[in-house]
Amino acid sequence: MFCSKCGSRQPDDAQFCASCGSIMNRAYQQKTMGLQENVASLLCYLIGWITGLIFYLLEPSNKTIRFHALQSILLCVTVFIIYAVLGILRVIFEINMLGFLFFSMSSSTFGLLVFVLWILLMVQAYQGQKWKLPVIGNLAEQWASK
């Protein structure tokens with residue numbers, strides 16, 4: 001069972017969250033949209049902004065799922081912007097082989113880092129943790145509570 005307020009994992013018989021002290025609502029915690037809250041949170045990241053948007057629109061009352069959905073959407077937008085900037089810089093500076101290699105390696109390294117981050121976010125979401133990314137996580141948390 002997971003706390004709907006802070007997202008931390010709790011024992012099945014808990015009446016109050018050990019982390020934040022909120023009342024545990026067993027009926028609400030068990031399933032959301034037919035899925036466990038942690039599974040729905042993981043699925044928010046699965047296909048990036050697409051599943052993020054689906055869960056954001058279909059789950060208006062669960063703040064934890066809305067947080068993960070928004071963080072997924074914002075992460076995809078940020079990654080897209082960074083790739084666009086790298087692509088533009090690559091075109092501008094592709095005057096010699098050294099510049100081409102530098103931007104190719106930058107894009108590859110960035111892609112690998114994004115892939116690792118994507119896996120980590122899904123694992124953390126499945127474990128019931130709210131792993132907030134800098135800036136993006138704060139925005140997602142703020143917008144999820146509205």
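Here a trainee and a mentor talk through a predicted model of one protein.

Trainee: Let's start with the overall build. How many helices and how many strands are there in the protein?

Mentor: Good place to begin! Reading along the sequence gives the pattern α-α-α-α-α-α. The count for the protein is therefore six helices and zero strands.

Trainee: Is the protein more spread out or less spread out than a compact globule?

Mentor: Look at the C-alpha trace: along its principal axes it spans about 65 × 25 × 25 Å. For 146 residues the globule rule gives 15 Å, and the radius of gyration here is 18 Å, well over that value. The protein is therefore more spread out than a compact globule.

Trainee: What share of the 146 residues is buried?

Mentor: Here buried means under 20% relative accessible area. By that cut-off, the buried share of the 146 residues is 36%.

Trainee: And what part of the exposed area do carbon and sulfur atoms supply?

Mentor: The protein exposes about 8600 Å². Of that area, the part supplied by carbon and sulfur atoms is 71%.

Trainee: Now the inside, please. Which element gives the most to the largest nonpolar core?

Mentor: This core has 16 residues, and those touching the most other members are Tyr45, Leu75, Leu121, Leu133, Ile136 and Ala140. Two or more residues come from each of α4 (63-93), α5 (97-126) and α6 (136-144). With six residues, the element that gives the most is α4.

Trainee: Leucine 133 is on your list. Leaving aside its neighbours within four places in sequence, which residues is leucine 133 in contact with?

Mentor: Leucine 133 is one of the residues that touch the most other core members. Once the sequence neighbours within four places are set aside, its contacts are Gln71, Leu75, Leu117, Leu121 and Asn138.

Trainee: Which residues are among the members of the other core?

Mentor: That core lies apart from the largest one and has five residues. Among them are Cys44, Phe55, Ile65 and Ala69.

Trainee: I like aromatic rings. What kind of pair do tyrosine 83 and phenylalanine 110 form?

Mentor: A search of the whole structure finds two aromatic pairs, and this one links distant parts of the chain, with tyrosine 83 in helix α4 and phenylalanine 110 in helix α5, 27 residues apart. The ring centres are 5.2 Å apart and the planes meet at 75°. Planes over 60 degrees apart count as edge-to-face. The pair of tyrosine 83 and phenylalanine 110 is therefore edge-to-face.

Trainee: Is phenylalanine 110 buried or exposed?

Mentor: Its partner tyrosine 83 has a relative accessible area of 34%, so tyrosine 83 is partly exposed. Phenylalanine 110 has 19% relative accessibility, and the cut-off for buried is under 20%. Phenylalanine 110 therefore counts as buried.

Trainee: What kind of pair do phenylalanine 115 and tryptophan 118 form?

Mentor: Both lie in helix α5, three residues apart, which is about one turn of the helix. Phenylalanine 115, at 46% relative accessibility, and tryptophan 118, at 28%, are both partly exposed. Their ring centres are 5.7 Å apart with the planes at 40°, so the pair is tilted.

Trainee: Which residue lies over the face of phenylalanine 67?

Mentor: Here we look for a charge above a ring. At 5.1 Å from the ring centre of phenylalanine 67 lies lysine 130.

Trainee: Is threonine 64 buried or exposed?

Mentor: Threonine 64 lies in helix α4. Leaving aside neighbours within four places, its contacts are Cys3, Ser4, Gly7, Glu37, Ser41 and Lys130. Its relative accessible area is 4%, under the 20% cut-off, so threonine 64 is buried.

Trainee: How far apart in space are phenylalanine 103 and histidine 68?

Mentor: Phenylalanine 103 is in helix α5, where it touches Leu86, Leu89, Arg90 and Phe93, not counting residues up to four places away. Phenylalanine 103 and histidine 68 are 35 residues apart in sequence. From C-alpha to C-alpha, their distance in space is 31 Å.

Trainee: One last thing. Which residue has a positive phi although it is not a glycine?

Mentor: Look in the loop between α5 and α6. The residue there is exposed, with a relative accessible area of 58%. Its phi is about 65°, and its name is valine 135.

Definitions and conventions. Residues numbered from 1 in each chain as written. Predicted model: local features only at pLDDT ≥ 70, side-chain atom pairs only at ≥ 80, totals over all residues. Heavy atoms only, no water. Core = buried A, V, L, I, M, F, W, Y, C linked by side-chain atoms within 4.5 Å. Buried < 20%, exposed > 50% of the residue type's maximum accessible area, 1.4 Å probe, protein only. Helix = DSSP H or I, 4+ residues; strand = E, 2+ residues; numbered from the N terminus. Contact = heavy atoms within 4.5 Å. Phe/Tyr/Trp six-rings, centres within 6.5 Å; stacked < 30°, edge-to-face > 60°. Lys NZ or Arg CZ within 6 Å of the ring centre and 35° of its normal. Rg over C-alpha atoms; globule rule 2.2 N^0.38 Å. Areas by Shrake-Rupley, 256 points an atom, 1.4 Å probe, with all protein chains shown as cover.
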